[in-house]
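Please look at how the strands and helices of this protein are arranged, and follow the chain in the picture as you read the paragraphs after it.

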Amino acid sequence: MKTALCYGDSNTWGHRPEDGSRYHRDQRWPGILQDKLGPEWFVIEEGLCGRTTLFDDPLMEERNGKRYLMPCLETHAPLDLAVLMLGTNDLKMQFNLPAEAVAQGCEILGNMILSSGCGIAGGAPKLLLLAPPPIIETGCFAASYTGGAAKSLHFANLFRDVADRLACSFFDVATVASSSLVDGIHLDQDGHRALGRALAETISRLGLN
């Protein structure tokens, strides 16, 4: 059996845009990914609302993705694949970061994964880096993400460059899903479904089966 770790934020956790509740396991993209990959794979969800790449949020404790990454990898080792989707929360106004810094944060995490020794036989897991879809400054999160929408438009190109430097696989989420018009940040149910299916196809081409 192959093992994939999905390391992300509220869009991996399954935050429902309409009311902040959580989509059911079979509605969240990691659950859909599990269904599509089949019994030959075990898909692990590691989504945390508010998680950043490597920045401490003064308003939300324990959301620094770098701090938990190594314990997480070691907990679930050996891993065949790590799927990394972070960056949206780095756009919060209190961080005041350019898009390039967000991409750099993902590159640091990617390097950690690829040098972790948490793959098969002490090697590295394969890495699939996801570029989160652009956000929309609307709804209840608009004030927290002022200026973030324009920055997020650069994610696809910047994250693709990171993947090239890391020599890892890349997927642009915006090619199949968009942030909800309700809150501007989270995927709706159709987005989760589309992403899970698209990633299953992408992973099937990685030569891991």
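In this predicted model, five strands form an open sheet in which the order is β2-β1-β3-β4-β5 and the pairing is parallel. The edge strands, each of which pairs on one side only, are β2 (41–47) and β5 (169–172). From one strand to the next, the twist averages 20 degrees. As background, the strands of a sheet pair through backbone hydrogen bonds, and this pairing can be either parallel or antiparallel.

One pairing can be followed in detail, for strand β1 (residues 2–8) runs parallel to β2 and is joined to β2 by seven bridges. If you look for Tyr7, you will find that its bridge partner in β2 is Glu46.

Helices lie across the strands as well. Helix α3 lies across β1 and β2, and runs at about 165 degrees to β1, while helix α6 (residues 155–166) lies across β4 (126–131) and β5, running at about 165 degrees to β4.

How, then, do two helices pack against each other? Two packed helices are described by the angle between their axes and by the distance between those axes. Helix α3 (residues 65–76) packs with helix α4 (residues 99–114) at an angle of about 15 degrees, and their axes are 11 Å apart. Because angles under 35 degrees count as roughly parallel, α3 is roughly parallel to α4. The crossing of these two helices, α3 and α4, is right-handed. On the α3 side the contact is made by Gly65, Lys66, Leu69, Met70 and Leu73, and on the α4 side by Ile108, Leu109, Met112 and Ile113. Of the residues in this contact of α3 with α4, seven are nonpolar, one is polar and one is charged.

Notes: Residues numbered from 1 in each chain as written. Predicted model: local features only at pLDDT ≥ 70, side-chain atom pairs only at ≥ 80, totals over all residues. Heavy atoms only, no water. Axes fitted to C-alpha atoms, helices over the stretch in contact; angles between N-to-C directions. Helix = DSSP H or I, 4+ residues; strand = E, 2+ residues; numbered from the N terminus. Parallel < 35°, antiparallel > 145°, perpendicular 65-115°, else oblique. Left-handed = near helix turned anticlockwise from the far one by under 90°. Contact = heavy atoms within 4.5 Å. Nonpolar A, V, L, I, M, F, W, Y, C, P; charged D, E, K, R; others polar. Pairing = 2+ DSSP bridges.
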